[in-house]
Amino acid sequence: MIDVISDLKCAADPARFAEEAIGFKPDQWQIEALRSTGRRLLLNCSRQSGKSTIAAIKALHRALYWPGSLILLVSPSYRQSGELFLKVRESLAQLKAKPQMLEDNKLSMILQNGSRVVSLPGKEQTIRGFSSVDLLIEDESARVPDELYLATRPMLAVSGGAQILMSTPWGMRGHFFETWANGGSSWQRIKVPATECPRISPAFLAEERAAMPDLFYQSEYECQFTETIDTVFNYNVVMRAITSEVKPFLEEVRRDAQ
Ligand SMILES: Nc1ncnc2c1ncn2[C@@H]1O[C@H](COP(=O)(O)OP(=O)(O)OP(=O)(O)O)[C@@H](O)[C@H]1O
Ligand SMILES: [Mg+2]
């Protein structure tokens, strides 16, 4: 009876699931990310802060407690999708009551309750074809090609599924930056610089700061979207130059011709 109640509490609270069922004690921001129930979540976090671990636990929680769910994990490369899927497996291995599997492959699993977890590398050909996704998690989002991101968005249309983009920044470009900077208030944003990660010591960060060019340190550890080195006009200059008062040239010509 106690197990049933404890399981119900884990079902209702993914942070509790992490702690009680997997034996993983999440940091405060990880608790917030696990408990987030919004449809759109952005995690802009330092290297090694624990993004992928949270992605795996969130995926597993959804798969276990929402029968018939389809969870897609998208990573930039084949190797990274394998690493991420391994984290799902590692979390699963910690469960006392392991679910029955209908299928168990290198990058995907189907649970007996009908839920599927699929970890995919960032190639549009492999992604197209999935529909009605309930949870879509893009890991290392700043490195996932924009066309892939655009191909995945419609998969949530019918299911009304949730989407999580998680990454360390990689310059002022691409969908991760655009969504963070201009994506609007429908996205919940969580930012975790390395100084807020209890497992990264100030001494290590001091060494890294000394060893790396500023641009890299700011991206990797301070969650900053830096200008890329080859930028001709900086982002703020370009944004300041954009005005709705000047219409596109061709639009003006067409209007005059009518
Ligand atoms: N709350 C936690 N308690 C203890 N260890 C943790 C916690 N969160 C993450 N870790 C550990 O920190 C390490 C980094 O975690 P993870 O790979 O999830 O981070 P990441 O942000 O995805 O890193 P990267 O930027 O390199 O992809 C792993 O060894 C993981 O087990
Ligand atoms: Mg990671």
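These legends describe close-up views of a predicted model.

**View 1. Polar contacts around ligand 1.** Three residues place an N or O atom beside an oxygen atom of the ligand. Q48 does so through its side chain, with an N or O atom 2.8 Å from an oxygen atom of ligand 1. K51 also uses its side chain: a polar atom there lies 2.8 Å from an oxygen atom of ligand 1. At G50 the backbone is involved, with an N or O atom 3.0 Å from a ligand oxygen. On its own, ligand 1 has 640 Å² of accessible area, and the protein covers 74% of that.

**View 2. The shell of residues around ligand 1.** The ligand is surrounded by 16 residues. Q30, Q48, K51, S52 and T53 are the closest. Which helix gives the largest share of this shell? Helix α4, residues 51–65, contributes 3 residues. Sorted by class, the shell holds 7 polar, 7 charged and 2 nonpolar residues.

**View 3. The open sheet and its strand order.** The sheet has 8 strands and is open. Read across, the order is β3-β4-β5-β2-β6-β7-β1-β8. Pairing is mixed. Strands β3 (101–104) and β8 (188–192) form the edges, each pairing on one side only. From one strand to the next, the twist averages 10°.

**View 4. The parallel pair β6 and β7, and helix α5 on the sheet.** Strand β6 covers residues 135–139 and strand β7 covers residues 162–167. The two pair in the parallel sense over 5 bridges. One of the residues to follow here is L135, whose bridge partner in β7 is A162. Helix α5 (residues 78–94) packs on the sheet. The helix touches β2 (70–75), β3, β4 (108–111), β5 (116–121) and β6. The direction of α5 makes about 155° with that of β5.

**View 5. The hairpin of β3 and β4.** Parallel or antiparallel: in which sense do β3 and β4 pair? They pair in the antiparallel sense, over 3 bridges. Between the two strands of this hairpin lie 3 residues. M101 has L111 in β4 as its bridge partner. Strands of a sheet pair through backbone hydrogen bonds, in either sense.

**View 6. Two loop residues with positive phi.** Most residues other than glycine have a negative phi. E140 has a positive value, near 50°. E140 sits in the loop between β6 and α7 (146–152). C223 also has a positive phi, near 60°. Where is C223 found? C223 lies in the loop between α10 (214–222) and α11 (235–241). Neither E140 nor C223 is a glycine.

Methods. Residues numbered from 1 in each chain as written. Chains lettered and ligands numbered in written order. Predicted model: local features only at pLDDT ≥ 70, side-chain atom pairs only at ≥ 80, totals over all residues. Heavy atoms only, no water. Near = heavy atom within 4 Å. Polar contact = N/O pair within 3.5 Å; in protein donor to acceptor, adjacent residues only side chain to side chain. Areas by Shrake-Rupley, 256 points an atom, 1.4 Å probe, with all protein chains shown as cover. Helix = DSSP H or I, 4+ residues; strand = E, 2+ residues; numbered from the N terminus. Nonpolar A, V, L, I, M, F, W, Y, C, P; charged D, E, K, R; others polar. Pairing = 2+ DSSP bridges. Axes fitted to C-alpha atoms, helices over the stretch in contact; angles between N-to-C directions. Contact = heavy atoms within 4.5 Å.
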